[in-house]
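Let's take a walk through a protein together, one region after another. Have the structure open in front of you, and turn it around as you read.

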Amino acid sequence: LRGRARVRYQGPAGAGSATQVIVVALPDRARLETLSPLGSAVLLLTIRGEQLRLYAPAQRAYGTGRATPALLGRLIKIPVPPGPLLRLLAGLPPLPIRPADPRLTLAVEERASRLDSVDGPFWQRLWSGPDGSGLARGELGEAGGPMLRFEFGDRRRAEGMRVPFAVYLEEVTAGTRVAIQYETLRANDPAEADLFELPRPADPAIRILDLGVGSLP
């Protein structure tokens with residue numbers, strides 16, 4: 001998936017918005033570029049497996065760290081594991097659905113169907129739309145309870161598929177909300193492998209940050 005989106009967030013730490021270029025190559029690679037009003041990248045972030053890298057050109061700062069929920073919470077305002085996050089950005093349920101798993105359940109409610117499934121330490125609840133148009137909303141959680149609520153909307157055709165151009169995320173504990181509205185979106189578009197590398201810049205003036213312990217630029 002490759003798209004350009006307007007991202008808005010609101011929560012206890014404040015509110016804001018930005019335009020981002022989002023590239024996702026499932027299962028575990030992503031690149032996010034935050035753009036200035038003139039269209040230049042002011043912040044670049046890549047996820048490749050458990051490795052996260054960040055580069056802020058204007059501030060001459062470069063950092064690396066593990067793509068943990070805590071670090072993603074600091075960067076994108078929603079503390080969620082990278083795997084489920086990338087699937088949500090691509091318009092998919094946060095966890096893969098395994099039909100042969102005996103823990104999978106399907107129930108018909110008043111106006112929608114609900115599917116519950118488990119993957120590793122996480123669980124999800126998924127609700128279909130009232131008109132049977134596909135996944136409309138859901139929850140992601142772990143043993144302690146729900147972590148995240150999400151909703152998909154504005155489905156349009158992209159590369160022969162109907163995909164959500166709007167993704168809404170809400171972190172349960174703090175109530176932080178993030179709204180992602182894609183302006184352009186392409187699905188099944190092969191991405192160059194080096195797009196997710198983000199090597200350390202050669203500039204000797206660059207500040208090097210350990211994102212696990214250091215402050216963000």
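Which residues of the largest nonpolar core touch the most other members? Keep in mind, as you look for them, that this is a predicted model. The largest nonpolar core has 45 residues, and those that touch the most other members are Ile22, Ile47, Leu52, Leu89, Leu148, Ile180 and Tyr182. The element that gives the most to this core is strand E11, residues 145-158, with five residues.

Let's pick out one of these core residues, Leu52. Leaving aside residues up to four places away in sequence, Leu52 touches a long list of others, including Leu45, Thr46 and Ile47, then Gly63, Thr64 and Gly65, and also Leu71, Leu72, Leu75 and Leu211.

Now let's look for an open space. The largest pocket has a volume of about 640 Å³. It is lined by 28 residues, and the closest to its centre are Gln20, Thr34, Leu43, Leu75 and Ile76. You may recognise Leu75, which Leu52 touches. Which elements give two or more residues to the lining of this pocket? They are the strands E1 (2-11), E2 (14-25), E3 (29-35), E4 (41-48), E5 (51-56) and E13 (177-186), together with the helices H1 (69-76) and H2.

From helix H2, follow the chain onward. Between H2 (82-89) and strand E7 (105-108) there is a loop, and Asp101 sits in it. Is Asp101 buried or exposed? With a relative accessible area of 16%, Asp101 is buried, because the cut-off for buried is under 20%. A polar atom of the Asp101 side chain lies 2.9 Å from the backbone nitrogen of Arg103.

The loop leads into E7, and here you can find a hairpin. E7 and E8 form this hairpin with four residues between them. The pairing of E7 with strand E8 (residues 113-119) is antiparallel and runs over four bridges. To see one position in it, find Leu106, which stands opposite Leu115 in E8.

Our last stop is Gly141, in strand E10, residues 135-142. Its relative accessible area is 0%, so Gly141 counts as buried. What does Gly141 touch, not counting residues up to four places away in sequence? Its contacts are Pro121, Phe122, Trp123, Pro146 and Met147. Arg125 makes a good landmark too: Gly141 and Arg125 are 16 residues apart along the chain, and 8.7 Å separates their C-alpha atoms.

Note on methods. Residues are numbered from 1 along each chain as its sequence is written. This is a predicted model: local features need pLDDT of at least 70, side-chain atom pairs count only at pLDDT 80 or more; totals for chains, interfaces and linings use all residues. Side-chain values use heavy atoms; hydrogens and water are left out. A nonpolar core is a set of buried Ala, Val, Leu, Ile, Met, Phe, Trp, Tyr and Cys residues joined through side-chain atoms within 4.5 Å. Buried means under 20% relative accessible area, exposed over 50%, partly exposed in between (1.4 Å probe, protein chains only). Contact means heavy atoms within 4.5 Å. A polar contact is a pair of N or O atoms within 3.5 Å; within protein, one must be able to donate a hydrogen and the other to accept it, and residues adjacent in sequence count only if both atoms are side-chain atoms. Two strands pair if DSSP finds at least two bridges between them. On a 1 Å grid over the protein atoms alone, a cavity is a set of points where a 1.4 Å probe fits but cannot get out, and a pocket is an open set with protein on both sides within 12 Å along at least five of seven lines; lining residues have an atom within 4 Å of a point. Grid points are joined across faces, edges and corners, and a volume is the space filled by probe spheres set on the points.
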